[in-house]
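Good morning, and thank you for making time for this item. I shall take you through one structure, moving from its helices to single residues and then to a pocket.

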Amino acid sequence: MPVLVASDLDRTLIYSAAALALTMPDARAPRLLCVEVHEARPLSFMTETAAQLLTDLGDAALFMPTTTRTRKQYQRINLPGPPPKYAVCANGGHLLVDGATDHDWHARVLARLAEECAPLAEVQEYLTKTADPLWLRKQRVAEDLFAYLVVERELLPEEWVKELAAWAENRGWTVSLQGRKIYAVPKPLTKSAAVREVARRTGAELTLAAGDSLLDADLLLAADRGWRPGHGELADAAWAAPRITALPERGVLAGERILREFLKSCRGGWSA
């Protein structure tokens with residue numbers, strides 16, 4: 001029976017230049033590998049050591065990227081090791097199998113969203129009406145499933161985020177603030193549902209997971225064991241749960257540590 005490793009990507013395994021948190025002296029900084037290029041510019045990185053660990057993990061487990069990115073954004077990433085057979089995009093809205101969308105899964109997701117929460121158009125209208133051009137830079141819809149804003153974080157009022165979260169809660173949506181992005185996501189749209197589906201298909205007897213944001217909480221809770229880095233929404237909230245390890249590492253070195261923990265568990269270093 002395979003071990004299924006479901007991991008968030010951004011600020012969990014891969015990092016933008018702004019998120020690297022290279023606090024050590026320059027001469028001791030780790031060598032970095034670029035794993036994403038966008039518009040001819042390097043965008044995301046992991047350490048070379050992490051790249052080797054991820055390659056090793058591909059031999060020890062079924063590794064499944066599990067991201068809130070759209071399919072197009074995910075396909076820009078060039079991770080080391082063999083291409084993953086399964087990947088979760090759009091926070092569970094799309095399940096990719098050998099790089100192609102599983103249309104039956106997507107139809108099931110759409111049906112559940114229609115039943116259980118307010119429509120996307122209502123959320124878009126609220127965001128458009130209440131977001132202040134002073135701090136709003138972009139407003140986007142991802143895969144016709146959820147919405148997000150790109151903001152100037154220093155100018156963003158905390159009170160506005162709290163009001164948005166309360167408004168969304170009453171309509172079956174959740175709000176997550178990650179760096180310069182605010183996500184509004186339907187509650188039924190979860191990474192964990194897609195991961196459970198892949199575990200069912202593959203017969204995985206052990207599921208491991210990692211993530212840093214509020215949108216990863218359900219993923220971590222659904223796993224047999226999970227890890228969160230020392231940065232991000234979950235760390236800021238001191239979020240804790242049984243079988244979840246809060247790591248002290250922050251930035252790109254946290255990604256390296258998470259991969260070490262995945263490998264250790266795959267090789268028998270885990271017990272219930």
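What follows is a short tour of selected features. Please keep in mind throughout that this is a predicted model.

I begin with the helices. Helix 1 covers residues 48-60. Its 13 residues should span 18 Å at 1.5 Å a residue, and the end C-alpha atoms are 19 Å apart, which agrees. The buried residues in helix 1 are Ala50, Ala51, Leu53, Leu54 and Leu57. Seen down the helix axis, the buried residues of helix 1 fall within an arc of 160°, so they line one face. The general background is familiar: an α-helix has 3.6 residues a turn, so residues three or four places apart point the same way.

Helix 3 can be read in the same manner. Running from residue 103 to residue 116, helix 3 has 14 residues, and the distance from its first C-alpha to its last is 20 Å, close to the 20 Å expected at 1.5 Å a residue. Which residues of helix 3 are buried? They are Trp105, His106, Val109 and Leu113. Viewed along the axis of helix 3, these buried residues fall within an arc of 95°, so they too line one face of the helix. On the other side of helix 3, the residues His103, Asp104, Ala114 and Glu115 are exposed. As for what covers the buried residues of helix 3, the list includes strand 6 (94-97), strand 11 (181-186) and helix 6 (191-202).

That brings us to helix 6 itself. Helix 6 has 12 residues and reaches 17 Å from first C-alpha to last, close to the 16 Å expected at 1.5 Å a residue. Buried in helix 6 are Lys191, Ser192, Ala194, Val195, Glu197, Val198 and Ala199. After helix 6 comes Gly203, which has a positive phi near 70°.

Two residues other than glycine also deserve a remark on their backbone. Asp98 has a positive phi of about 55°, although it is not a glycine. Asp98 sits in the loop between strand 6 and strand 7 (100-101). With a relative accessible area of 55%, Asp98 is exposed, because the threshold for that class is over 50%. Arg243 has a positive phi as well, near 70°. This residue, Arg243, belongs to the loop between helix 8 (233-236) and strand 14 (244-246). At a relative accessible area of 49%, Arg243 is partly exposed.

I turn next to three residues and their surroundings. The first topic is Thr66, in the loop between strand 4 and helix 2 (71-74). Is Thr66 buried or exposed? Thr66 counts as buried, because its relative accessibility is 0%. Apart from neighbours within four places in sequence, Thr66 is in contact with Ala6, Ser7, Asp8, Leu9, Val88, Lys191, Val195 and Leu219. Among these partners, Lys191 and Val195 appear in the list of buried residues of helix 6.

Val97 is part of strand 6. Its relative accessibility is 22%, so Val97 counts as partly exposed. Val97 and Ala87 are separated by 10 residues in sequence and by 6.9 Å in space, C-alpha to C-alpha. Once neighbours within four places are set aside, the contacts of Val97 are Lys85, Tyr86, Asp102 and Arg201.

Leu32 lies in strand 2, which comprises residues 32-38. With 30% relative accessibility, Leu32 also counts as partly exposed. Not counting residues up to four places away in sequence, Leu32 touches Leu20, Leu22, Phe45, Met46, Thr47, Glu48 and Val252. How far apart in space are Leu32 and Glu163, C-alpha to C-alpha? The distance is 40 Å, with their positions 131 residues apart in sequence.

Finally, let us consider the second largest pocket. About 380 Å³ of space lies within it. The second largest pocket is lined by 21 residues, of which Tyr74, Pro82, Pro83, Pro84 and Lys85 are the closest to its centre. Helix 1, strand 4 (62-65) and strand 5 (86-89) are the elements that give two or more residues to the lining. By residue type, the lining of the second largest pocket divides into 14 nonpolar, five polar and two charged residues. One residue links this pocket to the earlier part of the talk: Lys85 is among those closest to the pocket centre, and Lys85 is also in contact with Val97.

That concludes the tour, and I am glad to take questions.

Technical notes. Residues are numbered from 1 along each chain as its sequence is written. This is a predicted model: local features need pLDDT of at least 70, side-chain atom pairs count only at pLDDT 80 or more; totals for chains, interfaces and linings use all residues. Side-chain values use heavy atoms; hydrogens and water are left out. On a 1 Å grid over the protein atoms alone, a cavity is a set of points where a 1.4 Å probe fits but cannot get out, and a pocket is an open set with protein on both sides within 12 Å along at least five of seven lines; lining residues have an atom within 4 Å of a point. Grid points are joined across faces, edges and corners, and a volume is the space filled by probe spheres set on the points. Helices (H or I, at least four residues) and strands (E, at least two) are DSSP runs, numbered from the N terminus. Ala, Val, Leu, Ile, Met, Phe, Trp, Tyr, Cys and Pro count as nonpolar, Asp, Glu, Lys and Arg as charged, and the others, Gly among them, as polar. Buried means under 20% relative accessible area, exposed over 50%, partly exposed in between (1.4 Å probe, protein chains only). Contact means heavy atoms within 4.5 Å. The expected span of a helix is 1.5 Å times one less than its number of residues. The arc is that of the directions from the helix axis to the C-beta atoms.
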